[in-house]
Amino acid sequence: MTQITTADVVITSPGRNFVTLRLTTADGITGLGDATLNGRELAVASYLTDHVAPLLLGRDAHAIEDTWQYLYRGAYWRRGPVTMAAIAAVDMALWDIKAKVAGLPLYQLLGGASRTGALAYGHASGRDIPELLDSVREHLALGYRAIRVQTGIPGLDSVYGVAASSAGGGERYDYEPARRSAQGTPVRPVEEVWDTRAYLRHVPTVFEAVRSEFGPELPLLHDGHHRMTPREAAQLGKSLEPFDLFWLEDCTPAEDQAAPRYVRSQTTTPLAIGEVFNSVFDYQTLITERLIDYVRSAVTHTGGVTALKKLADFAGIYGVKTGFHGPTDISPVGHAAALHLDLAVHNFGIQEYMRHSEATLEVFRTSYRFTDDLLHPARRPVWASSSTTTPQPASCIRPPACRSTGCATGPCTTGEHGARPSVSAATDRTARLRTARSPGRATCRQRSPGLDGAGALN
Ligand code: CO
């Protein structure tokens, strides 16, 4: 038996917030798990620190399934994004440890590679069609072989999923997948005006322009962001059939598993749903009735590698493929875990991949690669030993909902939050609560907190 001896919850904010669980065994082996739930980071940090970490000490690090069931069934309250993100972090860290002990990259323990790398799609967007076409060109130049297409809608000031401005200078268009308003305290969600009829009129013209510019072969995706009724979604699906989409994502509110029945009966456009789900049960109707073509869950938000492997296998029985969620609010640790599943499961479809910022990659140094137009997890099990002692640029906890550029460049103090909260966090009520409740757990560091992604998971 390999006992778990320490469980540390580490919160960092290299431009955005990440919560990471680091487990260490009596043999000194460490494993990392991603617990980042965007906009609710401290809820998961508290769940882990106050309720889960004490239960892990002394348990067998190799008993992954048993520990998963212990945490899932033992809490009385099952499922939910906070619970499942916490369980996911434990599960990922334990798989990381097991892979390291075995001396094999994780995908080998999951059955071995079914492919040489994972097809990835990137996010092209523009406020209008010419800007969008430029963005598609930039993504093709970066090596993407599949592209999600989103644009502004005439008459609407801004639309979620579309970059507010061009980065300029030939750089890619950037956008924040979980943005919040930059103004005021408390930080509030962004509110937008929406017009479904204008959207339904405009989107087919966008795909017509993209197809005429880039031809019929390029796999194209589109995200409806849960905005449509079944009738509206059916109308969009039908109108996009001539453009042969790879998928239409989240066309109806995802929590309504009956909604896609009507959409499915009306259109042959492939459907993808599930990035806000947190358990296999959220898919039960969707999969068994074959109402969708792709499951969109993330390792980080759906209970970890153990749960997502079961979901992929369940989906595979019904001919449903994977298309795992991969925004920048999933840390490189969570992303790495997904890549091992991508390589191993037979019913892989595609992997969403938004590149992390340079600031994030200074804290989480990954060893997965995007080369030859595919994503590749590391083929080696070794944990990069040098990283834990290498000084890193300052990173600092910031208020959990604060992701604006202004806050990201705010001051960062040193030392333990238990002793001295950071300047930016000190003005935030939740940060003060966290500091008072769990001193020494949530740590603001000037050095890398040992979050090298170049481990067995990566
Ligand atoms: Co989406």
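In this predicted model, the largest nonpolar core holds 109 residues, and those touching the most other members are Leu48, Ala86, Ala89, Val90 and Met92. Helix 3 is the top contributor here, giving 13 residues to the core. The core doesn't stick to one domain, either: at least three residues come from domain 1 (4-110 + 383-437), and at least three from domain 2 (121-376). Take Ala86 as an example of how this packing looks. Setting aside neighbours within four places in sequence, Ala86 is in contact with Ala35, Val44, Tyr47, Leu48 and Val52. Leu48, one of these partners, is also on the list of residues that touch the most other core members.

Helix 3 (residues 81-102) also meets a sheet: the helix lies across strand 2 and strand 3, and runs at about 145° to strand 3. The sheet in question is an open one of 3 strands, ordered 1-2-3 and paired antiparallel. Strand 1 (4-12) and strand 3 (30-34) sit at the edges, each pairing on one side only. From one strand to the next, the twist averages 20°. In general, the strands of a sheet pair through backbone hydrogen bonds, and the pairing can be parallel or antiparallel. Here, strand 1 and strand 2 (residues 18-25) run antiparallel and are joined by 8 bridges. To pick out one pairing, Ile11 has Val19 in strand 2 as its bridge partner.

Next comes helix 6 (residues 196-214), which offers a neat check on helix geometry. With 19 residues at 1.5 Å a residue, this helix should span 27 Å, and the C-alpha atoms at its ends are indeed 27 Å apart, so the two values agree. Which residues of helix 6 are buried? They are Tyr199, Val203, Val206 and Val210. These buried residues pack against quite a mix of elements, namely helix 5 (129-142), strand 5 (146-151), strand 6 (220-223) and helix 7 (230-240). Right after helix 6 comes Gly215, with a positive phi near 85°.

Loops can hold buried residues too, and Tyr283 is a case in point. Tyr283 is found in the loop between strand 8 (271-273) and helix 9 (284-288). Is Tyr283 buried or exposed? Tyr283 has 25 other C-beta atoms within 10 Å, and 20 or more is enough to count, so this residue is buried. Not counting residues up to four places away in sequence, Tyr283 touches Gly274, Phe277, Val295 and Leu311. Gln257 is 26 residues away from Tyr283 along the chain, yet their C-alpha atoms are separated by 7.5 Å.

How values were computed: Residues numbered from 1 in each chain as written. Predicted model: local features only at pLDDT ≥ 70, side-chain atom pairs only at ≥ 80, totals over all residues. Helix = DSSP H or I, 4+ residues; strand = E, 2+ residues; numbered from the N terminus. Expected span 1.5 Å × (residues − 1). Buried ≥ 20, exposed ≤ 12 C-beta atoms within 10 Å, placed from the backbone. Contact = placed C-beta atoms within 7 Å. Pairing = 2+ DSSP bridges. Axes fitted to C-alpha atoms, helices over the stretch in contact; angles between N-to-C directions. Core = buried A, V, L, I, M, F, W, Y, C linked by C-beta atoms within 7 Å. Domains from an automatic or database assignment.
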